[in-house]
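Reader: Hi, I'm new to this. Can you walk me through a structure?
Author: Sure. Here it comes.
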Amino acid sequence: MELWFSEFHAPDVKHSIRVDRHLYSEKSDFQQIDIFDTPEFGRVLALNGNVMLTERDEFIYDEMITHVPMSVHPHIKDVLVIGAGDGGVLKELTRYESIERIDLVEMDPQVVNACRIFLPENASRLDDPRVHIFFDNALRFIRRCTDQYDLIIVDSNDPFGPSEGYFSREFYGICYNALHEDGIMVNQQGSPFYKHDADAMKRSHKHIVNTFPISRVYQAHIPTYAAGYWLFGFASKRYHPIEDFDPERWKKLHLETKYYTTKLHIGSFYLPAYLEKMLEEVE
Amino acid sequence: MEQRKRKLDQTQAPIYEALNTFREMRVVPFDVPGHKHGKGNPELTAFLGEKCVSIDVNSMKPLDNLCHPVSVIGEAEDLAAEAFGAAHAFLMVGGTTSSVQTMVLTACKRGDKIIMPRNVHKSVINALVLCGAVPIYVNPEVHRGLGISLGMRRESVEAAIKAHPDAVAVLVNNPTYYGVCSDLSAIVEMAHAAGMLCLADEAHGTHFYFGEGMPLSAMRAGADMAAVSMHKSGGSLTQSSLLLTGPNVNAGYVRQIINLTQTTSGSYLLMSSLDISRRNLALRGRQVFARVVAMANYAREEINAIGGYYAFGKELCDGNCIFDFDPTKLSVHTREIGLAGIEVYDILRDEYGIQIEFGDIGNILAYLSMGDRPQELERLVSALAEIRRRYQKDSKGLLSQEYIDPVVVMSPQEAFYANKKSVPLANSIGEVSSEFVMCYPPGIPILAPGERITKDILDYIEYARVKGCSLTGSEDLSVRNINVLA
């Protein structure tokens, strides 16, 4: 028997992964949650039929969304993470001893529970004493915060499901308000390749540009995401992602990484021409 | 009520069922509409979907006829009457405007007086233009702090009835656009004691019939007719509506009045949407509206916690001109953050991609319904918090809305059809208007045909224009000139 998981990356494009075994399939109050084993990508978490992470390539996403801001801002103590119920981002963040507090706001407790059981490696740092988990709507949580965080990481689902509100102008506005005067917000910004994704990416970039004085986009190669090509937004009140980047300081931490390097840090902000043009259109 | 052949209950939806059967019969259409189940208009079919256009059909025996319902439409009307506690219900396809018009045309003839609050929807006064009845306005009180017009005081209605014992009907907003209710039971009693009909504009009151803890519905209060916008809180398609009548109204005569102006090609899309929505309300209305009320209460708490805004609710009730308040209505007073409601309304749409129902001088209204989800509510509340953070300013100099007592010089019909001339609005003080001026939404006239134009009225219109309200009603689309009596 052949068992395949398929996901539409665009209306006329499908990405398929062979499946060994379907381990978990539940519908929570918010979404359909599936976890399955695959020969090529290892264990996979899918929400509403979209791949969120695979054991094989999750390091790229988690490292790039974490180490880029951590190596720019010299003293990050208070961090807010939105989404990320799988725990992957926490795994990277908790490697920094300088961080004192990590608040994690996840809307769906069932994602966290499922990941604790089926993705224990990924979820291994959910119980770090610095981590506080809040099961809440992020808009609701953040709008109560003013001047509280050095870094906000928005690790949300795509902008077409229950996370749509995390790509809105009001969301970026309340994040701005929740950050200290030198705070940074990093978000997953989708893919620029297929039209549907590109339009959403432009919309959210426009909102961020209108909210933060510094707003830059950087990129990574993530095989299981649409077009294998993914973007992150770097929005900041004071620090520039390259001009204020201090590679030597970061190197002294001796953090071993599989994707992120200090050279790649700078390179990831150099974008292809078509993407530069797309971003300029809305800036 | 006529005797139908079949015994039906609220789990059924006769028009919907007949359309399903009709689809299965694969009848060959040599009748109108000419698109022939969509085949003749592939672009339209691609846009609306084949399922939709295939039931856009004409009246025929198995599907009944809206102008003279004897089978499935009649059955759907019976079920609607039962669900709403009315003696008779009419499916309407010309919007609640057509229901309001039918109420007025049923109750009034040329020259008859009808008692009503001035903050009626323009469709009421339009009906007066059609039939030649004369409005006797009751001053709806205005809330001083909020600047919204309220319900009618019992004493004011009583005085109007006493001063005009020859009036034929009293019309009541149940509730107003903002959700404010008058003491409907008392008004029904006073009207009936004086031999008058009581008519209710329930454009915003569908859910009163199904939700728990709602203000009293017109049929339960004993009113004679009610215009119910099923397409607002009831969930049916835009332009569909219900007209309800009580036991003392001749349903056959009402049907004749409806047929004076109603299309003879009633849309089955609209009628089936009424049928399906009625079934949903009858079976699940209680839970549906409990959810809406919970969301509205939550939003009120969250918005009031932001500071500056005032999302008002039942605490306004005073036992008289705010006899009750619709708990599903999310109205927010914005003047304390230094912005007019209409400015907040525009910012929400232009910068946050959030469309709310309307904004006026001092307030906004976000319409909550069975289609809302908590995550969108969080966006609305957060956007309001952001607007406060980014735009808050001193509220000095912002106008509060005052009730301007209209000076009615002649009936709306006389003024509308009189010899008239067009003059610049600024030069019209002292003249008698031949047309409407209003902000739309909410569509409540600032000036109606037959009323004298005063400086207060012009000041208000210009202020509304500057703040960005969309002014409508006059022949001159720019609303710079106005037709006045020659």
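Author: Start with two helices of chain B in this predicted model. The axes of α4 (residues 72-84) and α11 (residues 268-306) of chain B come within 10 Å. They cross at roughly 35 degrees.

Reader: Why quote an angle and a distance for packed helices?
Author: Because two packed helices are described by the angle between their axes and the distance between the axes.

Reader: Is the crossing of α4(B) and α11(B) left-handed or right-handed?
Author: Left-handed.

Reader: Which residues of α4(B) meet α11(B)?
Author: Ile73(B), Ala76(B), Leu79(B), Ala80(B) and Ala83(B). On the α11(B) side they meet Met271(B), Asp275(B), Arg278(B), Leu281(B) and Ala282(B).

Reader: How do the residues of that contact divide into nonpolar, polar and charged?
Author: Eight are nonpolar and two are charged. None is polar. The charged pair is Asp275(B) and Arg278(B), both in α11(B).

Reader: New topic. What is the mean pLDDT of chain B?
Author: The mean is 94. Of the residues in chain B, 98% reach 70 or more.

Reader: And what ipTM and pTM does the model score?
Author: The ipTM is 0.89 and the pTM is 0.90.

Reader: OK, now both chains. How many residues does the contact take from chain A and chain B?
Author: Chain A gives 13 residues and chain B gives 11.

Reader: Which elements of chain A each supply at least two residues to that side?
Author: Two helices do: α4 (138-142) and α5 (169-178) of chain A. The largest share comes from α5(A), with six residues.

Reader: What's the mix by class on the side of chain A that touches chain B?
Author: Four nonpolar, five polar and four charged residues.

Reader: Let's stay on chain A. How is it divided into domains?
Author: Domain 1 covers 3-54 and domain 2 covers 58-282. Their C-alpha centres lie 23 Å apart.

Reader: How many residues does the contact take from domain 1 and domain 2 of chain A?
Author: It takes 21 from domain 1 and 21 from domain 2.

Reader: Which elements of domain 1 give two or more residues to that contact?
Author: Strands β1 (4-10), β3 (21-27), β4 (32-38), β5 (42-47) and β6 (50-54) of chain A. The largest share, five residues, comes from β6(A).

Reader: And by class, what's on the domain 1 side that touches domain 2?
Author: That side of chain A has 13 nonpolar, six polar and two charged residues.

Technical notes
Residues numbered from 1 in each chain as written. Chains lettered and ligands numbered in written order. Predicted model: local features only at pLDDT ≥ 70, side-chain atom pairs only at ≥ 80, totals over all residues. pLDDT = per-residue confidence, 0-100. Contact = placed C-beta atoms within 7 Å. Helix = DSSP H or I, 4+ residues; strand = E, 2+ residues; numbered from the N terminus. Domains from an automatic or database assignment. Axes fitted to C-alpha atoms, helices over the stretch in contact; angles between N-to-C directions. Left-handed = near helix turned anticlockwise from the far one by under 90°.
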